[in-house]
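Open the model in a viewer and keep the selection panel at hand. The stops below go from one selection to the next.

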Amino acid sequence: AADLVHRGAVGLDVQHGRGVFVCGRTGKRVGILCELDILHPRTSPFYYLLLWNLRRALAAAGNRVHVYIGERQPGASEALPACWRFVEDIDEHRLDGVVALSETGVGDWMPQAESDGVSVVGTVSLCPYSVRPDGERLALDGLRALHAQGCRRLAVLGWSGAHDTDAFRALALELGVTTRRVWIRSDLHPQFVGAGWEEFREIWLASAEKPDGLLATDDV
């Protein structure tokens with residue numbers, strides 16, 4: 001029983017005057033792993049908002065959720081070891097599922113998770129179930145929203161290239177929205193300090209004519 005409690009498979013029900021009873025757990029044990037340090041001052045608010053919403057959604061579905069935070073800084077490319085507490089919980093078989101929000105790939109914990117039958121969903125292609133946002137659809141939705149607000153000269157800040165598609169250009173033409181090449185910037189990584197401001201300043205100074213709408217397709 002002590003081993004089952006340690007692994008989280010069962011719990012203890014303490015009843016004063018009667019004793020301590022072993023009881024079954026309900027719900028899956030799900031870990032959310034973010035290798036990016038969301039406590040770093042330059043980390044985009046996108047990540048902690050995503051974590052917050054994921055935790056709420058998983059808990060509302062009856063799961064027991066634990067969040068694991070790594071130490072990779074914004075803009076860093078090196079892959080650091082995953083959060084030690086997460087690796088420990090994988091090794092001790094304490095998780096039934098994992099949501100991996102990692103931009104540098106899946107770590108050494110994946111073989112252990114797979115051998116234990118742990119379901120893994122993530123934003124990287126190495127995960128068994130990979131989930132990526134539909135950037136083109138979001139860019140099209142943004143274009144429609146700006147047009148509805150009266151914008152006709154559109155600037156774009158982005159990194160993913162979601163705006164650089166035939167569908168986006170066709171919709172802009174259909175709506176009568178101008179997107180000049182000098183108003184489109186996507187060559188500076190959004191996690192660099194001041195990236196959004198530097199790119200927008202170049203847009204604003206590029207010509208006498210100014211854009212009246214701005215579409216940001218990444219966390220710039």
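Start with the aromatic rings: there are four aromatic pairs, where rings of Phe, Tyr and Trp (its six-membered ring) pair if their centres lie within 6.5 Å. Planes under 30 degrees apart count as stacked, over 60 as edge-to-face, and the rest as tilted. Select F86 and W109: the ring centres are 4.9 Å apart and the planes stand at 90°, so this pair is edge-to-face. The pair links distant parts of the chain, with F86 in helix α3 and W109 in helix α4 (residues 109–115), 23 residues apart. Helices (H or I, at least four residues) and strands (E, at least two) are DSSP runs, numbered from the N terminus. F86 and W109 are both buried, a term for under 20% relative accessible area; exposed means over 50%, and partly exposed lies in between (1.4 Å probe, protein chains only). Add Y68 to the selection: ring pairs link Y68, F86 and W109 into a cluster.

A note on the model before the next stop: it is predicted, local features need pLDDT of at least 70, side-chain atom pairs count only at pLDDT 80 or more, and totals for chains, interfaces and linings use all residues. Residues are numbered from 1 along each chain as its sequence is written, and side-chain values use heavy atoms, with hydrogens and water left out.

Next, the charged side chains. The count comes to 12 salt bridges, each a side-chain nitrogen of Lys or Arg within 4 Å of a carboxyl oxygen of Asp or Glu. Stay on helix α3 and select D89 and R85. They form a salt bridge, with the closest N and O atoms 3.6 Å apart. D89 and R85 are four residues apart in helix α3, which means a separation of about one helical turn. Is D89 buried or exposed? D89 counts as buried at 5% relative accessibility, whereas R85, at 38%, counts as partly exposed.

Now select R94. Its side chain meets that of D89 in a salt bridge of 2.6 Å, N to O, and both D89 and R94 are buried. Add E88 to see the whole group: R85, E88, D89 and R94 are linked in a network of salt bridges.

From R94, go to R29. The side chain of R29 reaches the backbone oxygen of R94 at 3.4 Å; this is a polar contact (a pair of N or O atoms within 3.5 Å; within protein, one must be able to donate a hydrogen and the other to accept it, and residues adjacent in sequence count only if both atoms are side-chain atoms). R29 lies in strand β3 (residues 29–36) and is buried, with a relative accessible area of 14%. Which residue meets R29 in a salt bridge? It is D96, at 2.9 Å, N to O. This pair links distant parts of the chain: D96 is in the loop between α3 (84–91) and β5 (97–101), R29 is in strand β3, and they are 67 residues apart. D96 counts as partly exposed, at 25% relative accessibility. Show R64 as well: the C-alpha atoms of R29 and R64 are separated by 4.9 Å, although these residues are 35 apart along the chain.

Move to helix α7 (residues 195–205), where A195, G196, E199 and I203 are buried. Seen down the axis of α7, these buried residues fall within an arc of 95°, so they line one face of the helix; the arc is that of the directions from the helix axis to the C-beta atoms. They pack against β8 (154–157) and β9 (184–185), contact meaning heavy atoms within 4.5 Å. On the face of α7 turned away from its buried side, select the exposed residues W197 and L205.

D187 is in the loop between β9 and α7 and counts as exposed at 58% relative accessibility. D187 touches W159 and E199, not counting residues up to four places away in sequence. The C-alpha atoms of D187 and W159 are 7.1 Å apart, with their positions 28 residues apart in sequence.

Finish at strand β10 (residues 213–216). Its side chains alternate: G213 and L215 point to one face and are buried, while L214 and A216 point to the other and are not. β10 pairs with β8 in the parallel sense over four bridges; two strands pair if DSSP finds at least two bridges between them. To locate one bridge, select L154 and its partner in β10, G213.
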